[in-house]
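This report is an introduction for a reader who has not met the structure before. It moves from a single residue to the wider surroundings.

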Amino acid sequence: MSETDPRRWKALVFIALAQLMVVLDATIVNIALPSAQQDLGISDGNRQWVITAYALAFGGLLLFGGRIADLWGRKRTFVVGLIGFAAASALGGAATGEAMMLGARALQGAFGALLAPAALSLLAVMFTDGKERAKAFGIYGAIAGGGGAVGLILGGFLTEYLDWRWTFFVNIPFAIVAAAGAYFVIREPAGGRNRSPLDIPGVVLSTLGLVALVYGFTRAESEGWSDPTTIGLFVGSGVLLFAFVLTESLVKSPLLPLRVLTERNRGGVYLSLGLAVIAMFGLFLFLTYYLQVVKGYSPVKTGFAFLPMIVGMITGSTQIGTRLMTRVPPRWLMGPGFLTAGVGMLLLTQLEVGSSYAGLILPAQLLLGLGMGTAFMPAMSLATHGVDPRDAGVASAMVNTSQQVGGAIGTALLNTIAASATTAYIADHAAGATTPGAQKLLQLQGMVEGYSAAIWWAVGILVVSATIAVTFINTGKPGGGPVAGSGGAAGSGESGEEGEAALKIPVVAH
């Protein structure tokens with residue numbers, strides 16, 4: 001029986017707090033952006049860079065951050081990431097102009113890329129008992145899924161009643177408490193470092209490849225898919241990422257050992273989670289606009305309108321996922337979870353200008369939250385399934401990378417689909433709108449038609465996500481025997497004690 005850290009539950013509090021801060025930051029700034037743009041004199045053309053600068057630095061540097069966590073030690077990387085994130089947030093809150101704001105956002109993204117993989121890999125190496133691991137990842141999964149919606153509420157409150165600068169300053173107490181707690185409470189298990197020399201070509205190729213990919217999708221949203229620069233970014237990204245994979249297969253100490261990706265359970269998690277996030281991010285955007293523009297909700301009221309989704313996510317993660325994770329194989333939580341979320345999305349395809357919040361949006365959000373919460377929890381746990389402790393940081397970084405890239409793709413792809421459908425609808429019905437009132441109604445109907453068209457795509461993406469989860473993921477329930485027909489560690493059918501022991505992660509029998 002392996003020794004378990006007696007302070008692991010206290011450590012979880014500080015890890016969860018840090019994760020909440022990073023996830024909050026992804027949405028809290030969205031609500032503050034119009035006010036910040038006005039105060040700092042940022043042009044309409046450049047305002048997207050407040051979001052993009054963060055996304056590029058975070059998405060581009062995640063693999064590097066995960067490898068640094070394996071090299072330096074996760075606790076040290078976690079604390080440095082928190083302190084840096086707090087300093088960058090202070091800089092953003094005190095920004096006096098566009099350049100200072102964009103620089104602060106890029107720094108936040110860079111320190112977030114250190115912090116996020118270190119947090120997840122700390123959980124992976126500290127919680128080794130199957131049932132405890134299920135609970136810990138249930139809490140973490142609920143925060144990862146629901147934190148974005150909490151950000152909308154908090155962002156609305158801070159912007160409406162205080163000042164947009166507080167959407168940055170609010171990170172500082174989070175970071176200080178989490179860093180102090182982590183420093184005194186977290187005790188990293190011995191023997192988990194990867195002291196191999198840093199793979200510099202891998203760092204350069206992966207960072208440039210991911211930045212080009214995320215920027216390509218961001219640019220496609222504003223400039224169109226046929227824009228020469230957008231096409232160039234996608235081609236460049238493909239070439240760079242291919243060169244990265246080739247480099248990783250040849251160098252002695254790769255940044256991302258290909259064994260992390262090729263194990264079918266982890267590969268299935270990265271792919272299905274990335275796709276599910278595409279659907280989720282698009283929906284956050286559409287519902288925010290629908291509630292504020294079509295329904296006329298205030299920022300605070302919009303934030304509260306997302307509460308059913310948060311309740312659903314927390315319930316799905318901590319009550320359904322955690323209770324069933326030690327009883328059924330993960331694929332039977334992830335597949336049905338994504339499908340339940342798909343049913344919630346399907347309801348939202350019925351959106352109209354006069355749709356009832358209580359009759360349509362509320363039940364749809366509950367289903368979406370329940371499904372995503374149930375699926376996210378085993379996905380977060382499986383992300384480091386059977387991985388050598390030395391690779392835990394980079395395996396954790398891959399989950400964050402799939403989420404970050406998924407978010408960028410979701411926002412750009414679904415927004416483009418919605419905009420095209422809106423334009424087509426207005427063009428088809430323009431002849432009938434002769435009065436100013438009719439023209440305004442047509443604009444709103446066109447917007448809702450666009451959202452509905454894009455949400456149909458999101459439904460399809462969630463069905464594909466569920467199919468991948470059920471097909472690829474073949475590990476048994478934690479603590480169970482190996483799955484029939486699986487072949488050894490490489491084939492990844494091992495589960496529970498036998499699989500984990502073979503791959504050097506101690507598990508306490510239960």
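In this predicted model, leaving aside residues up to four places away in sequence, Phe304 touches Ile153, Phe157 and Tyr357. Phe304 is found in helix H12, which covers residues 299–305. Its relative accessible area is 40%, and because the partly exposed class lies between the buried limit of 20% and the exposed limit of 50%, Phe304 counts as partly exposed. Although Phe304 and Gly156 are 148 residues apart in sequence, their C-alpha atoms are 9.1 Å apart in space.

A second phenylalanine belongs to the largest nonpolar core, which has 138 residues, and Phe338 is there among the members that touch the most others, together with Leu63, Phe78, Leu82, Met345 and Met372. Beyond residues up to four places away in sequence, the contacts of Phe338 include Ser272, Gly371, Met372, Leu462 and Ala469.

Helix H16 runs over residues 392–429, and its reach of 55 Å from first C-alpha to last is close to the 56 Å expected at 1.5 Å a residue. This helix is mostly covered, with 29 of its 38 residues buried.

H16 also contributes two or more residues to the lining of the second largest pocket, as do helices H8, H9, H10 and H11. Nearest the centre of this pocket lie Leu261, Tyr270, Met398, Thr401 and Ser402. The table describes the pocket further.

| Second largest pocket | Value |
|---|---|
| Space | About 490 Å³ |
| Lining | 21 residues |
| Nonpolar lining | 16 residues |
| Polar lining | five residues |
| Charged lining | no residues |

Notes: Residues numbered from 1 in each chain as written. Predicted model: local features only at pLDDT ≥ 70, side-chain atom pairs only at ≥ 80, totals over all residues. Heavy atoms only, no water. Core = buried A, V, L, I, M, F, W, Y, C linked by side-chain atoms within 4.5 Å. Buried < 20%, exposed > 50% of the residue type's maximum accessible area, 1.4 Å probe, protein only. Contact = heavy atoms within 4.5 Å. Helix = DSSP H or I, 4+ residues; strand = E, 2+ residues; numbered from the N terminus. Expected span 1.5 Å × (residues − 1). 1 Å grid on protein atoms, 1.4 Å probe; cavity = no way out; pocket = protein on both sides within 12 Å on 5 of 7 lines; lining within 4 Å. Points joined across faces, edges and corners; volume = space filled by probe spheres on them. Nonpolar A, V, L, I, M, F, W, Y, C, P; charged D, E, K, R; others polar.
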